[in-house]
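Hello,

Here is the structure I promised to pass on to you. Have a look at it first, and then read on for what turned up in it.

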Amino acid sequence: MPPAKAAIFLVVTVRPGAEDDVRELLGDVPSLTQAVRFRIPEGNLTCVVGIGAELWDRAYDQPRPAGLHPFVELEGSKHVAVATPGDILFHLRADRMDLCFELSRQLMQRLSGRVDVADEVHGFRYFDQRDLMGFVDGTESPTGAAAVDAVLIGGEDPAHVGGSYVIVQKYLHDLGAWDALPVEEQERVIGREKLSDIELPDDVKPSNSHVTANTIVDPDGTEREIVRDNLPFGAVGSDEFGTYFIGYAADPDVTEQMLRNMFIGDPPGNYDRILDFSTAVTGSLFFVPPADFLEDPDATVAVVSEVPSTPVDARPDADGSLAIGSLRRSDR
Ligand code: HEM
C-alpha cells in the first residue's frame, strides 16, 4: 500500500466505568473496518488501534507490554514536547477521505457516551508528499522487510509478538517565519534540498538539522529506524498549518531517543532547528496489539506461542507497507 492519501487521527479518553464496554466495542473494530472497506475495496481503508498505558491498566488483565508507559514530557532549553491525554488512538487511513470519515462516524456511534474526543485531526496528502513547510516528508521511512523489522515486536517480548508502539504529536507551524527564510537556509534546517529532496552532504548538513537529529546509529553501525506516516492538516481561516507526526516502532525507545535529540539536543542545547518553526501541541504513546487481540484479548495471550513471528495482519503488503492491526485475517 502506498502512503495514505487521507487519514483521520482520532485520540479519545475513556470515561471512568466505561472500560468493560469499550474493551468489548474495540473487538468490533476489525469487522466495522471490513464493512466500510468492502464498499470501496480499492480505497485501501485501514484502521490501527492504539491503547494508552493508563487504559491498559484499567481495562485489561494482561500485564502491561514492556514498552507501554505514558508519553514522557521533554523540556529542552527552548522547546517542550508536551504530554497530553489519550487512552485510545484510532489511526484511520485510506486513499479517500470519505472512507476514513465514515469509519470514524461508525466508531464514534458505538463509543458514544463512553469516551470523550481529546483530539481529532483530518490529514490530507499534499503535493509530492510534501509537508506544509514545502519539503518531501517520508523519504527515508523504511518499507518492506525493513519496515517490518522496525515496527513489529518480535521474540524480545514473547507475550506481545506482532504488536507495535506508536507515538503521535500534533505540530503547528509558524509559516510566516518559515517562509521568510531563504530556501538555502530552510534546507539547512531540514538537512535535505527542497526541490530535489536530496540529502545535503555531511560537511554541509548542520548538526542541528532535522535529519541529523533523527539519524540514530547503534555502536555496531546499525541504524535504528521507525516507520512514519505523517500527514499535513490545516485551516486557512484560523491560520492553522500543521504536521501530524505518527511514528511506529517495535521499541518506543527509538522514537523517544529521536525526541530527546530533537528537544533536548545532543549535546544538550543543540536542539532540532525545525522546532523554531514548529510547536508540538499534543504528545501520546500507545501500544498497538495484533488485530486478533482486540477481538479476544484472553485467547491471544493464551495462544501466543503459536502466533507466527509475523502475524498475517501485520505482514507487509505486496508493495511492502504495513497494515498493522487493521483487518481481520482474510482467511477466516
Ligand atoms: C525526516 C518533516 C517531526 C523523525 C524528515 C524529513 C522531513 C521531515 C521533511 C526529510 C525526508 C524524510 O526522510 O522523510 C518533519 C516535520 C515534523 C517532523 C514537518 C514535525 C514538525 C518528526 C519527529 C520525529 C521525526 C517528531 C521523531 C520523533 C524523522 C526521521 C527522519 C525524518 C527518523 C529520517 C531521518 C533520516 O534517516 O534521514 N522529517 N518531521 N520527524 N524525520 Fe521528521
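UniProt, in an unreviewed entry, lists residues 128-292 as "domain: Dyp-type peroxidase C-terminal". Please keep in mind that this is a predicted model. Over residues 128-292, the chain is 24% helix and 24% strand, with 35 Å between the end C-alpha atoms. The unreviewed entry in UniProt also gives residues 2-125 as "domain: Dyp-type peroxidase N-terminal". That span is 33% helix and 29% strand, and its end C-alpha atoms lie 12 Å apart.

Now the protein as a whole. It has 11 helices and 14 strands. Of its 332 residues, 44% are buried. Among the contacts between residues at least 6 apart in sequence, 75% join residues at least 24 apart.

A good place to start looking is helix α4, residues 97-111. This helix has 15 residues and spans 21 Å from its first C-alpha to its last, close to the 21 Å expected at 1.5 Å a residue. Which residues of α4 are buried? They are L99, C100, L103, S104, L107 and L111. Viewed down the axis of α4, these buried residues fall within an arc of 125°, so they line one face of the helix. The exposed residues R105 and Q109 sit on the face turned away from that buried side. The cover over the buried residues of α4 includes the helices α1 (19-26) and α2 (29-39), along with the strands β1 (6-14), β2 (46-51), β5 (88-94) and β6 (115-124). Just after α4 comes G113, which takes a positive phi of about 85°.

Helix α2, part of that cover, is worth a look in its own right. Its buried residues are V29, P30, T33, V36 and R37. These cover an arc of only 135° around the axis, which puts them on the same side of α2. S31, F38 and R39 are exposed on the other side of α2. Among the elements that cover the buried residues of α2 are α1, β2, α4 and α10 (291-295).

Strand β1 also belongs to the cover of α4, and T13 is found in β1. Is T13 buried or exposed? T13 is partly exposed, because 17 other C-beta atoms lie within 10 Å, where a buried residue would need 20 or more and an exposed one 12 or fewer. Leaving aside neighbours within four places in sequence, T13 is in contact with P85, G86, D87, V115, D116 and A118. By contrast, take L181, which is 168 residues from T13 along the chain: the C-alpha atoms of the two are separated by 39 Å.

Finally, the ligand. How many residues are around it? There are 26, and F135, E140, N214, M258 and S278 come nearest. Four elements to look for here are β7 (164-173), α8 (210-213), β12 (240-249) and α9 (252-263), each of which supplies at least two residues of the shell around the ligand. By type, the shell divides into 11 nonpolar, 11 polar and 4 charged residues.

If you would like a route through the model, try α4 with its buried face, then α2 with its own buried side, and then the shell around the ligand.

Enjoy exploring, and best wishes

Technical notes. Residues numbered from 1 in each chain as written. Predicted model: local features only at pLDDT ≥ 70, side-chain atom pairs only at ≥ 80, totals over all residues. UniProt positions renumbered as here; feature names shortened; annotations may be inferred. Contact = placed C-beta atoms within 7 Å. Expected span 1.5 Å × (residues − 1). Arc of directions from axis to C-beta. Near = placed C-beta within 6 Å. Nonpolar A, V, L, I, M, F, W, Y, C, P; charged D, E, K, R; others polar.
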